[in-house]
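Biologist: Before I rely on any of the labels, I would like to hear how each one follows from its definition. Could we go through them together?

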Amino acid sequence: MLKKADFYYGAFLSKLVNSGVAPAIIENGDSRRIYKLATDFGDYKVYTKYVSKQANKGQDRLWHFPFNTDELNNILQDESINMFAFICGVEDLVNSEIAILNREQFNHCIGIGFKSENRRVSVKSEKGAWNYLIYGTGLELKVDAQKITKNLNKRLSEFSMTPAL
């Protein structure tokens with residue numbers, strides 16, 4: 001029987017294959033999926049997480065990705081994870097989006113020094129903008145949000161300029 005998560009992770013994998021990346025599943029579970037990606041530039045280990053609907057109902061779209069203590073500890077202990085894919089779902093699935101962060105960007109968003117048990121990464125997609133605004137427990141939207149391109153192929157090519165596994 002298929003689960004809702006299968007559709008989101010399947011869409012992510014389909015987008016990767018269409019971009020010329022050959023993903024290999026190395027771990028799966030109900031709350032997270034980790035994939036190893038083989039590219040011409042190296043191999044990457046990606047942690048994927050989805051949210052099935054927006055946190056708001058405006059022209060600008062917003063998704064919050066919560067992380068509990070156990071989930072965050074598992075991520076922080078596995079230093080080989082060097083890519084984070086946030087699958088930003090919408091109600092009818094059409095026009096869902098994918099934002100990809102590197103390890104450093106994830107750490108800034110989540111706020112490594114925070115003592116809070118629950119943390120989050122937020123993805124904001126402003127209408128007509130070429131970039132996502134990424135922030136979270138460790139970064140404020142109006143002060144120091146990070147900008148990353150919405151173009152997935154371009155974003156994946158940016159990873160080719162960073163060290164792989």
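Biologist: What makes strand 8 mostly covered?

Modeller: In this predicted model, 5 of the 6 residues of strand 8 are buried, where buried means under 20% relative accessible area, exposed over 50% and partly exposed in between, with a 1.4 Å probe and protein chains only. The strand itself is a DSSP run of E of at least two residues, while a helix is a run of H or I of at least four, both being numbered from the N terminus. Because the model is predicted, local features need pLDDT of at least 70 and side-chain atom pairs count only at pLDDT 80 or more, whereas totals for chains, interfaces and linings use all residues. Residues are numbered from 1 along each chain as its sequence is written, and side-chain values use heavy atoms, with hydrogens and water left out.

Biologist: How do you know that strand 7 and strand 8 pair?

Modeller: Two strands pair if DSSP finds at least two bridges between them, and 5 bridges join strand 7 (residues 119-125) to strand 8 (residues 131-136), so the criterion is met by this antiparallel pair. Val 123 stands opposite Ile 134, and Ser 122 has Tyr 135 as its bridge partner. The two strands form a hairpin with 5 residues between them, and Gly 128 in the turn has a positive phi of about 85 degrees. On strand 9, Ile 134 has Gln 146 as its bridge partner, and strand 8 and strand 9 pair in the antiparallel sense over 4 bridges.

Biologist: Why are strand 4 and strand 9 called edge strands?

Modeller: The open sheet has 4 strands in the order 4-7-8-9 with antiparallel pairing, and strand 4 (61-67) and strand 9 (146-149) each pair on one side only.

Biologist: What makes helix 3 a partner of the sheet?

Modeller: Contact means heavy atoms within 4.5 Å, and helix 3 packs on the sheet by touching strand 4, strand 7, strand 8 and strand 9.

Biologist: Which residues make the contact of helix 2 with helix 3?

Modeller: Leu 72, Ile 75 and Leu 76 of helix 2 meet Arg 103, Phe 106, Asn 107 and Ile 110 of helix 3. The axes of helix 2 (residues 69-77) and helix 3 (residues 103-110) come within 12 Å and cross at roughly 150 degrees, axes being lines fitted to C-alpha atoms, for helices over the stretch in contact, and angles running from 0 to 180 degrees between N-to-C directions.

Biologist: How do you know that Cys 88 and Cys 109 are not bonded?

Modeller: A disulfide is a pair of cysteine sulfur atoms within 2.5 Å, and the sulfur of Cys 88 is 12 Å from the closest cysteine sulfur, in Cys 109, which is too far for a bond. A search of the whole structure accordingly finds 0 disulfides. Cys 88, at 0% relative accessibility, counts as buried, and Cys 109 is buried with a relative accessible area of 0%.

Biologist: Why is Asn 18 called exposed?

Modeller: Asn 18 has 63% relative accessibility and therefore counts as exposed. Asn 18 lies in helix 1 (residues 4-18), and its C-alpha is 18 Å from that of Thr 48, with the two 30 residues apart in sequence.
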